[in-house]
There are 2 protein chains.
Amino acid sequence: MIKAVIFDLDDTLYDTTLQVDKARENAVKAMVAAGLQTEEEKAAAALAEVVSKKGSNYENHYDDLLNALGCENNPKIIAAGVVAYHEAKKTYLVPYPGTIPTLLKLREKGLRIGIVTDGRPVKQWEKLIRLGLADFFDAVVVSDGHEQKPSPKPFLKAASELGVRPSECVIVGDRLDRDISGGKKAGMRAIQLTRGKHSRMKPADAHEEPDCIVSTIGDVLHAIQTL
Amino acid sequence: MIKAVIFDLDDTLYDTTLQVDKARENAVKAMVAAGLQTEEEKAAAALAEVVSKKGSNYENHYDDLLNALGCENNPKIIAAGVVAYHEAKKTYLVPYPGTIPTLLKLREKGLRIGIVTDGRPVKQWEKLIRLGLADFFDAVVVSDGHEQKPSPKPFLKAASELGVRPSECVIVGDRLDRDISGGKKAGMRAIQLTRGKHSRMKPADAHEEPDCIVSTIGDVLHAIQTL
C-alpha cells in the first residue's frame with residue numbers, strides 16, 4: 001500500500017525548462033538592446049554553447065558570451081543581461097496550476113509527501129520558498145555532490161525521514177535516467193511526468209521503466225490508485 | 001565655469017544605508033520565522049559582526065551567522081534569509097525622490113553628468129539599471145580594485161570622458177574620505193550630500209573640506225550656482 005509520494009522538484013513541480021528558456025531569451029534581448037553588436041539568434045546560440053560547456057551554475061556566462069562573440073567586455077551590457085535573466089526567472093518561478101491542488105489532496109488523503117532533488121541545498125530551498133511550497137513537505141532531501149540521483153540513497157533517506165518503507169513509496173519525476181531509475185533501484189514505484197526537456201528520452205534499462213506515465217501533475221492522484 | 005557634475009552612486013543617488021539596513025532586518029526576521037532558534041536582535045547583532053569581518057560582497061554570510069550562533073547549518077533557514085534579503089533589497093532600490101528631477105534639470109541646463117563609483121562594475125551597473133538611471137549619464141566610471149576613491153584617477157577619467165577640464169567639474173558625494181577628497185585632489189569643486197551612514201564624519205584634512213554641503217539631492221542645483 002502506498003503511504004508516501006516523493007516528488008522531484010525541477011520540471012516536476014514547476015516548469016523549469018520554460019523558465020530557463022524564457023530567462024535566457026530575455027537576457028539576450030536585453031543585452032542586444034543595451035548595445036551588444038549582434039543578432040539575438042546568434043547571441044542565443046552562443047549563450048547556449050557557453051552554458052553547455054560551463055554548466056548552469058557557472059558565474060560568468062555573459063563575460064564568456066561577449067568573448068565568444070568577439071566583443072569587448074562591457075559591464076553595462078552584462079548587467080542588462082543579469083537583470084533581465086533574474087526578472088524573467090522570477091516571473092516564471094511558479095508551480096504548475098495542478099501542483100498545489102495535488103499536494104493538498106495527497107495530504108488530505110493521509111499520504112506523506114517528500115522531495116528528492118539534486119543541486120545546491122540553499123538554491124533548491126530558495127526555489128521552494130519562492131514557489132510557496134516550502135511548508136508542504138514532510139521531508140526534503142537535497143543531494144549535493146556525491147550520492148545524487150540515480151543513486152537510490154537520497155530516495156532511501158527520504159523514505160526514512162518520512163517513516164515509511166521504500167515499498168510503500170511512489171516517486172514522481174520527469175527524468176527516466178535520474179528519478180525513475182533512482183526510485184526503482186530504491187525499491188519504490190515510479191510515475192513519470194512527461195514534462196520538460198529531459199522527459200523525451202526512452203528507457204535505457206529496466207530501472208528506467210516507469211510503472212505509470214502521466215502528462216500533468218494533476219493526474220498523479222489517479223495514477224497512484226492504479227498502481 | 002561648471003560644465004559637468006559627477007555623482008557618486010551609493011547613498012548619493014539612492015538611500016543605500018536604508019536599503020541595506022532593511023534588507024538585513026528582513027533577512028533576520030525571515031530566518032527566525034523559518035526556525036532559527038534565537039532572538040531577532042541577537043541574530044541581527046551577530047550578522048552585523050559577520051558582515052564587518054567578511055565584507056559585504058562575501059558569499060556565505062548566513063552560513064557564518066548560523067555557525068556564530070552555535071546552530072547547525074540549515075539550508076531552509078539560509079534560503080529564507082537569502083530570499084528575504086533580496087526581496088527587501090529590491091524594494092528599497094529606488095532613487096531619492098529628488099534624484100531624477102535633479103538629473104533632468106542638470107541635463108536641460110546643458111551640463112554634462114557623470115558617475116564615479118567604486119565596486120564591481122557589473123554590480124554597480126545592475127543597480128543603475130534597476131534604479132532606472134542607466135541612460136542618464138554621459139560617463140560612468142566604476143573603479144574596481146586599485147585606483148579607487150580617494151584616488152583622483154577615476155575622477156580625472158570621468159572628466160576626460162565628459163570632455164571637460166577638472167576645474168570645470170563639481171563632484172557630489174556623501175563621503176568626505178572618498179568622494180570629496182578624491183574630487184578635490186583631482187582639482188574639482190565638491191559638494192557633500194549629508195545622507196547615509198558615512199556622511200557623519202568630520203574632515204580629516206584640507207582635501208576633505210567640501211565647498212558646499214547639502215542635505216538633499218534637490219539642493220544640488222542651487223548649490224552649483226553658489227560655487
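Colleague: How many residue pairs are in polar contact across the interface of chain A and chain B?

Modeller: There are 6 such pairs, each with both residues at pLDDT 80 or more. Keep in mind that this is a predicted model.

Colleague: Sure. Which elements of chain A give two or more residues to the side that touches chain B?

Modeller: Those are helix H4 (75–91) and helix H6 (121–131) of chain A. H4(A) supplies the largest share, with 10 residues.

Colleague: And how do the residues on that side of chain A divide into nonpolar, polar and charged?

Modeller: You get 11 nonpolar, 1 polar and 6 charged. As for area, about 1600 Å² is buried between the two chains, A and B, and carbon and sulfur atoms give 70% of that.

Colleague: How many salt bridges does the rule find across the interface of chain A and chain B?

Modeller: The rule finds 6. One of them pairs A:Glu87 with B:Lys90, where the closest N and O atoms are 2.7 Å apart.

Colleague: Nice. Switching to the sheet: what is the strand order in chain A?

Modeller: The order is E3-E2-E1-E4-E5-E6, an open sheet of 6 strands with parallel pairing. The twist averages 20° from one strand to the next.

Colleague: Why is one side of E3 and of E6 in chain A left without a neighbour in the sheet?

Modeller: Strands E3 (139–143) and E6 (212–214) of chain A stand at the edges and have a single partner strand each, so one side of each is unpaired there.

Colleague: Which residue is the bridge partner of A:Asp118 in E3(A)?

Modeller: That would be A:Ser143. In chain A, E2 (112–118) and E3 run parallel and are joined by 5 bridges.

Colleague: What does H6(A) lie across?

Modeller: H6(A) lies across E2 and E3 of chain A, at about 140° to E3(A).

Terms used. Residues are numbered from 1 along each chain as its sequence is written. Chains are lettered from A and ligands numbered from 1 in the order in which they are written. This is a predicted model: local features need pLDDT of at least 70, side-chain atom pairs count only at pLDDT 80 or more; totals for chains, interfaces and linings use all residues. Side-chain values use heavy atoms; hydrogens and water are left out. Buried area is the accessible area (1.4 Å probe) that two parts lose on being put together, summed over both. A salt bridge is a side-chain nitrogen of Lys or Arg within 4 Å of a carboxyl oxygen of Asp or Glu. A polar contact is a pair of N or O atoms within 3.5 Å; within protein, one must be able to donate a hydrogen and the other to accept it, and residues adjacent in sequence count only if both atoms are side-chain atoms. Helices (H or I, at least four residues) and strands (E, at least two) are DSSP runs, numbered from the N terminus. Ala, Val, Leu, Ile, Met, Phe, Trp, Tyr, Cys and Pro count as nonpolar, Asp, Glu, Lys and Arg as charged, and the others, Gly among them, as polar. Two strands pair if DSSP finds at least two bridges between them. Axes are lines fitted to C-alpha atoms, for helices over the stretch in contact, and angles run from 0 to 180 degrees between N-to-C directions. Contact means heavy atoms within 4.5 Å.
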